[in-house]
Amino acid sequence: MNEQRQWCTENPSLFSNLPEELILHILLRLPVRSLLRFKSVCKSWLSLISDPKFGKSHYDISASPTHRCLTKGNDSEIESIDVDASSLHDDSSVVSLKFPLPPPPREGYVFGPDPPSDVEFVGSCRGFVLVAYPQGDVIVWNPSTGVQRRIVDDLDEMIAMYPTGFGYDKSTDDYLLVIMNVIPEGYYPEDVPDLPTTIRIFSMKTNSWFNQEGTYAQYVDMGCAHLKIGAFLNDTLHWLVTSYETKLHLIIAFDLVQRSFSEIPLPHVLARELENKHWYNLRVMGECLSLCYPGNMDSMAEIWMLKDYKVQSSWAKLFVFSTCNIPRNVIYPICFTKHGELFCSYGSGRLMIVDDKGWQLLDQSTKWPKPHMMFGEERECMLPCGLYRESLLSLTNDFQEASEDDQLTISLVGTSEDDQ
């Protein structure tokens, strides 16, 4: 790639005779990382590739987009891994990125080092990742371009307590942060008043919060942090919850365009009783809603996929894998690669690939998190990671790429629509 960039830079006259329409046609089909390098070819390419309209067109027509996985390597860096790379020895396969903000001061942890989940990847959408810091800062960040927007508001407690999601409303070209107030796990009828589920939404376009009007059924939180993160698919955020009325486990879906709720039933075998329910994870895999169970010493890892959206009969158990020979006997699915392999992590925070031939650890020369210690022994933990698609998209037309000395901060104090 460096040779291509050098060749293009040293021979700009070769492109001067090409029609502009042809140049545009070619550039729109190149990967994001190549386009970022080609900004240095000439001023006209810099202007073209930096144009928000070009970024939108590139996202819409990209034939083979690159998907990457963010993992927290240490206190100041994030590693971005190309999940489809044939080798992690390629310089572009694994890249180190700085956190979008300097990490906040970390308080001491009485039992040992702080777990890596202190900084959470709350969701991703169209190349943007929502990053939540423990002191309450939330940043919408495009890891590909460095564009970021910091939301200064005390959101840490809300994100920790309530189901949260990040998605896109295509009807208004707006990115939304959604927080859903549901009944905490463990509450009983006498503890809970007749209080329906409420929806709080932050609009990146208007820079303000608003409450979604409507009367919704009561749902009970499943109690685990990873189940509070919404899965975004088909313009809709999804969470795994329990119906307060029927006591059945189900998926609730909030359509960001229609601003409406619906329910998606689980497979019959899981709806009444999820064995070890706190281990299940709701994800989007292979463009389908999927329920993932990591397995243990006594049971197989499995993935249930909803092949036809919202059709209960289309649930199918499409992946079953023994974890007996895997360290710690559990795997946490992240995504499928374009080759059909399962890209995942296992309990001590390492990455691995599973296919029909078995499993293999990924290259260990990179800076994966070390196992965390408690009382001298390793603690089981899910590797904190965020899956995103590379894109050139920006949040607003006049937004600038962030630098260490120039970060855009948006204060939400006094901007809520409820106060206007």
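User: Before we look at anything, what do buried, exposed and partly exposed mean here?

Analyst: A residue is buried when its relative accessible area is under 20%, exposed when over 50%, and partly exposed in between. Keep in mind that this is a predicted model.

User: Ok. Lys170, buried or exposed?

Analyst: Lys170 has a relative accessible area of 54%, and exposed means over 50%, so Lys170 is exposed.

User: Which residue does Lys170 form a salt bridge with?

Analyst: With Asp235; their closest N and O atoms are 3.2 Å apart. The two sit in distant parts of the chain, 65 residues apart. Lys170 is in the loop between strands S8 and S9, while Asp235 is in the loop between strands S13 and S14.

User: And how does Asp235 count for accessibility?

Analyst: As partly exposed, because its 22% falls between the two cut-offs.

User: Why would side chains pair up like that at all?

Analyst: Side chains of opposite charge can pair when their charged atoms come close.

User: How many salt bridges does the structure hold?

Analyst: Five. Another one of them joins Glu390 and Arg68, with the closest N and O atoms 3.9 Å apart. That pair also links distant parts of the chain, with the two positions 322 residues apart. Arg68 belongs to strand S1, and Glu390 lies in the loop between strands S27 and S28.

User: Glu390 and Arg68, buried or exposed?

Analyst: Glu390 is at 5% relative accessibility, so it counts as buried. Arg68 is buried as well, at 1%.

User: Switching topic. What's the strand order in the open sheet of four strands?

Analyst: The order is S17-S18-S19-S20, with antiparallel pairing. The edge strands are S17 (281–285) and S20 (315–321), and each pairs on one side only. On average, neighbouring strands in this sheet are turned by 30° against each other, ignoring direction.

User: How many bridges join S19 to S20?

Analyst: Six, and the two strands run antiparallel. S19 covers residues 301–306.

User: What stands opposite Glu302?

Analyst: Val320, in S20. The side chain of Glu302 also meets that of Lys317 in a salt bridge, at 3.5 Å from N to O. Lys317 is in strand S20 and Glu302 in strand S19, 15 residues apart.

User: How do Lys317 and Glu302 count for accessibility?

Analyst: Lys317 is at 42%, so it counts as partly exposed. Glu302 is at 12%, which means it counts as buried.

Key. Residues are numbered from 1 along each chain as its sequence is written. This is a predicted model: local features need pLDDT of at least 70, side-chain atom pairs count only at pLDDT 80 or more; totals for chains, interfaces and linings use all residues. Side-chain values use heavy atoms; hydrogens and water are left out. Two strands pair if DSSP finds at least two bridges between them. Axes are lines fitted to C-alpha atoms, for helices over the stretch in contact, and angles run from 0 to 180 degrees between N-to-C directions. A salt bridge is a side-chain nitrogen of Lys or Arg within 4 Å of a carboxyl oxygen of Asp or Glu. Buried means under 20% relative accessible area, exposed over 50%, partly exposed in between (1.4 Å probe, protein chains only).
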